[in-house]
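Colleague: I am new to this model and would like a close look at a single part of it. Please start from one residue and work outward from there.

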Amino acid sequence: MLVSAKEMLDKAKAGHYAVGHFNINNLEWTKSILSVAQEMNSPVILGVSEGAGKYMTGYKTVAAMVKAMLEEMGITVPVALHLDHGSYEGCKKCIEAGFSSIMFDGSHFSIEENIEKTKELVALAHANGMSLEAEVGSIGGEEDGVIGAGEFADPNECKMIADLGVDFLAAGIGNIHGKYPANWPGLNFDVLAKVQEKTGNLPLVLHGGTGIPAEMIQKAINLGVSKINVNTECQLSFAEATRKYIEAGKDLEGKGFDPRKLLAPGAEAIKATVREKIELFGSANKA
C-alpha cells in the first residue's frame with residue numbers, strides 16, 4: 001500500500017537521516033528500486049517526472065503498476081509515489097490517479113501566484129490523504145525541458161510557503177539537475193541554515209542529488225535535509241552497464257537479445273546505485 005511521504009520525512013528529520021527519492025522511468029527501474037528498499041529495510045519515495053509519466057502512457061498506468069508491484073513483490077517497507085516537479089494541472093491529475101504525494105513546482109511564478117496555487121493544492125492533497133512538496137528558488141540544470149540556473153531561495157519566501165501547511169520544501173541552494181560542471185561552486189550552506197531557521201521542523205528537500213560529494217550530503221542532512229532526489233546517477237549506471245553488455249557482444253550469444261536479458265545488467269546497476277545512496281543517506285533499517 002502506498003503511503004504519504006509526510007510521516008517518513010518527519011521521522012527522517014527527527015532521526016537526522018534522509019529518505020531517497022529515486023525517479024522511475026519504467027518497470028525495470030521500479031522493480032530495482034523497490035527490491036533494494038525492501039532488502040535494506042528502508043523507506044523509499046518513487047518519483048515520477050511529468051515527462052516520465054507521459055512516457056509510461058499516463059499517471060493512472062504508473063499508479064496501477066506501482067500498486068500491483070508492491071503486492072506481487074511483497075513489499076512491506078513504506079513507499080510513496082510522488083509527482084516530481086509537477087505543474088498545477090499535473091498535480092491535479094496525480095491526485096485523481098491515486099499517487100500518495102505530489103510536488104507543485106511554482107518556483108517560476110511570482111511569489112504571490114506560487115502562494116495562491118500552493119495553498120489550493122495543499123488543501124486538495126490533504127483532503128485526499130496525500131503529502132505536498134513545494135519549491136522556492138528554481139533548481140538549476142534541465143529537467144523535462146525546464147532549465148534553471150540554480151537560484152538561491154529567499155529564506156523569507158520559504159517561510160511564507162512553509163506557513164501554508166506544505167509537508168516538505170525544496171529550497172534552491174545552488175544544486176542543479178544532471179551532471180555538475182567542473183566549476184560548480186558547491187552547495188550554499190549559509191542559505192540552507194537560514195531556510196532551516198525560518199522553517200523550523202519542516203523537512204527540507206535536496207534536488208539534484210547526483211554528483212554532490214558525500215561530505216556535502218552529510219552536512220545538508222545535518223542542516224535539516226530529509227529527502228534527497230536521485231535520477232541522473234541511476235540513468236548513467238543503467239546506460240554504462242547496458243553499453244558494456246552490448247559491446248561485449250552478449251546480445252549476440254544465445255538469446256542474449258531477449259529484453260529480459262538485455263536489460264538485466266542495467267537493472268542490477270540501478271540496484272547498486274540505490275544501495276550506495278541508501279547507505280549514504282542513512283535510511284537503511286529505518287522502515
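Which residue's side chain does a polar contact of 3.4 Å join to the side chain of Ser 107?

Modeller: The model is a predicted one. The residue is Glu 135: its side chain and that of Ser 107 are joined by a polar contact of 3.4 Å. Ser 107 also has a polar contact of 2.6 Å, side chain to side chain, with Asp 105. As for its place, Ser 107 sits in the loop that runs between β4 (101–104) and α6 (111–127). With a relative accessibility of 18%, Ser 107 counts as buried, because the cut-off for that class is under 20%.

An aromatic pair belongs to this part of the chain as well. By the rule used here, the model has three aromatic pairs. One of them joins Trp 29 and Phe 238; this pair is tilted, with 4.7 Å from centre to centre and 45 degrees between the planes. Trp 29 belongs to helix α2 (residues 27–39) and Phe 238 to helix α10, so the pair ties together parts that lie 209 residues apart in sequence. Trp 29 and Phe 238 are both buried. Another pair, Phe 104 with Phe 109, is stacked, at 6.3 Å centre to centre and with 25 degrees between the planes. Phe 104 has a relative accessibility of 1% and counts as buried. Phe 109, at a relative accessible area of 26%, is partly exposed.

Strand β4 and helix α6, which flank the loop of Ser 107, also come up in the surroundings of helix α5. The buried residues of α5 (residues 88–97) are Tyr 88, Gly 90, Cys 91, Cys 94, Ile 95 and Ala 97. These buried residues pack against β4 and α6, and also against α3 (50–55), α4 (59–72) and β3 (79–86). After α5 comes Gly 98, with a positive phi near 95 degrees.

Strand β3, one of the elements packed against by α5, contains His 85. Phi of His 85 is positive, near 50 degrees, although the residue is not a glycine. His 85 counts as buried, at 16% relative accessibility. His 16 likewise is not a glycine and has a positive phi, of about 60 degrees. His 16 is placed in the loop between α1 (5–15) and β1 (19–23), and at 54% relative accessibility it counts as exposed.

Phe 238, from the tilted pair, leads on to a helix contact. Two packed helices are described by the angle between their axes and the distance between the axes. Helix α10 (residues 232–247) packs with helix α12 (residues 264–281) at an angle of about 145 degrees, and their axes are 8 Å apart. The crossing of these two helices is right-handed. On the α10 side the contact is made by Glu 233, Cys 234, Ser 237, Phe 238, Ala 241, Thr 242 and Tyr 245. On the α12 side, the residues they meet are Pro 265, Gly 266, Ala 267, Ala 269, Ile 270, Thr 273, Val 274, Glu 276 and Lys 277. By class, the contact of α10 with α12 has nine nonpolar, four polar and three charged residues.

Thr 242 and Tyr 245 are also among the residues in contact with Leu 262, once its neighbours within four places in sequence are left aside. The others in that list are Ile 246, Asp 251, Gly 256 and Phe 257. Leu 262 lies in helix α11 (residues 259–262) and is partly exposed, at 23% relative accessibility. From Leu 262 to Ile 45 the C-alpha separation is 27 Å, with their places 217 residues apart in sequence.

Ala 214 and Leu 280 have C-alpha atoms separated by 7.2 Å, while along the chain they are 66 residues apart. Ala 214 is in helix α9 (residues 214–222) and is partly exposed, with a relative accessible area of 38%.

One further helix contact can be set beside that of α10 and α12. Helix α7 (residues 155–162) and helix α8 (residues 189–199) pack at about 35 degrees, their axes 9 Å apart. Here too the crossing is right-handed. From α7, the contact takes in Pro 155, Asn 156, Cys 158, Lys 159 and Ala 162, and from α8 Lys 194, Val 195, Lys 198 and Thr 199. By class, the residues of this contact are four nonpolar, two polar and three charged.

Methods:
Residues numbered from 1 in each chain as written. Predicted model: local features only at pLDDT ≥ 70, side-chain atom pairs only at ≥ 80, totals over all residues. Heavy atoms only, no water. Axes fitted to C-alpha atoms, helices over the stretch in contact; angles between N-to-C directions. Helix = DSSP H or I, 4+ residues; strand = E, 2+ residues; numbered from the N terminus. Left-handed = near helix turned anticlockwise from the far one by under 90°. Contact = heavy atoms within 4.5 Å. Nonpolar A, V, L, I, M, F, W, Y, C, P; charged D, E, K, R; others polar. Buried < 20%, exposed > 50% of the residue type's maximum accessible area, 1.4 Å probe, protein only. Polar contact = N/O pair within 3.5 Å; in protein donor to acceptor, adjacent residues only side chain to side chain. Phe/Tyr/Trp six-rings, centres within 6.5 Å; stacked < 30°, edge-to-face > 60°.
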